[in-house]
Amino acid sequence: MAKAKTAPKKSRPPAGKPAARRPIVSSAHLASERLEGLSEFEFALMMTANAFNRWIVRCMTAAGQGDLAALDVMVLHGVNHRDRSKRLADLCLVLNVEDTHTVNYGLKKMVRLGLITGTRRGKEIFYAATPKGRTLCLEYRKIREQLLGEAFALIGQPGLGKPQGDLSRVAELMRALSGTYDQAARSAASL
């Protein structure tokens, strides 16, 4: 009688040797050996972007304004930035938003809420934060420092580096990567 075939045993690493590292990705079909690290980065970026968007909406709600979407929160902070009036085009450029309609919708919504004002200068409308909008941004900042300050201070524990410098370096890399993705998007549009 023929002996039944058994499934091959999975090999385990020898004692004392760590198991081979497997990439943490959301789309294994994109994780080629050549771009495995990029697949890991993109998955982490998606998770971070979604968590960040959820955070800024919840922080703004805690600050006292619960009916703003994530893009609205970013636009409000952009309008309030350096206490200078901004045009729709300025905000879209700084936030790297291609669809001006979504930003314009948020601006109109915040004008209705009394958080910003719009002043026409020629053909353009310049937006500025109202005292209510500035106060809201300061309350947001207070809550942000309270809830994130301690967590980010832990990153700076001995042996883990300086959090501000590390975060600045990560920000530099992310800005460089945004340019890479923008260029790739332009190239893809021409295919």
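These legends go with a handful of close-up views of a predicted model.

**View 1. A buried salt bridge between helices H4 and H2.** Here Lys-109 and Asp-72 pair up through their side chains, with N and O 2.9 Å apart. The two partners sit 37 residues apart along the chain, and the pair links distant parts of it: Lys-109 belongs to helix H4 (residues 100-112) and Asp-72 to helix H2 (residues 70-80). Buried or exposed, where does Lys-109 fall? Its relative accessible area is 15%, so Lys-109 is buried, given that the cut-off for buried is under 20%. Asp-72 comes in at 4% relative accessibility and counts as buried too. Skipping neighbours within four places in sequence, Lys-109 is in contact with Asp-67, Leu-68, Ala-69 and Asp-72. As a rule, side chains of opposite charge can pair when their charged atoms come close.

**View 2. Lys-142 and Glu-139 on helix H5.** This salt bridge has its closest N and O atoms 3.7 Å apart, and the cut-off is 4 Å. What separates the two residues along the helix? About one helical turn, because Lys-142 and Glu-139 are three residues apart in helix H5 (residues 131-155). Glu-139 has a relative accessibility of 27%, which makes it partly exposed.

**View 3. Glu-145 and Arg-141, also on H5.** The side chains of this pair meet in a salt bridge, at 3.2 Å from N to O. The residues are four apart in helix H5, so about one helical turn lies between them. How accessible are the partners? Glu-145 is partly exposed at 46% relative accessible area, and Arg-141 is partly exposed at 47%.

**View 4. A salt-bridge network of Arg-87, Asp-90 and Glu-124.** These three residues are joined into one network by salt bridges that share partners. For the overall tally, a search of the whole structure turns up six salt bridges.

**View 5. The largest nonpolar core.** How many residues make up this core? It has 24, and the ones with the most contacts inside it are Met-60, Leu-76, Leu-107 and Tyr-140. Helix H1 (36-63), H2, helix H3 (88-95), H4 and H5 are the elements that give two or more residues to this core. Broadly speaking, nonpolar side chains in soluble globular proteins tend to be buried together.

**View 6. The surroundings of Leu-76.** Zoom in on Leu-76, one of the residues with the most contacts inside the core. Which residues touch Leu-76, leaving aside its neighbours within four places in sequence? Its contacts are Met-60, Leu-68, Met-110, Leu-115, Ile-116, Leu-136 and Cys-137. Met-60 shows up in this contact list and is also among the residues with the most contacts inside the core. Leu-68 is in contact with Leu-76, and Leu-68 is in contact with Lys-109 from View 1 as well.

**View 7. Arg-121 over the ring of Phe-126.** Arg-121 lies over the face of Phe-126, 4.1 Å from the ring centre. As for aromatic pairs, the structure holds zero of them.

**View 8. Arg-22 in the segment before H1.** Arg-22 counts as exposed, because its relative accessibility is 71% and the cut-off for exposed is over 50%. Where is Glu-36 relative to Arg-22? The two are 14 residues apart along the chain, with 9.8 Å between their C-alpha atoms.

Terms used
Residues numbered from 1 in each chain as written. Predicted model: local features only at pLDDT ≥ 70, side-chain atom pairs only at ≥ 80, totals over all residues. Heavy atoms only, no water. Buried < 20%, exposed > 50% of the residue type's maximum accessible area, 1.4 Å probe, protein only. Core = buried A, V, L, I, M, F, W, Y, C linked by side-chain atoms within 4.5 Å. Contact = heavy atoms within 4.5 Å. Phe/Tyr/Trp six-rings, centres within 6.5 Å; stacked < 30°, edge-to-face > 60°. Lys NZ or Arg CZ within 6 Å of the ring centre and 35° of its normal.
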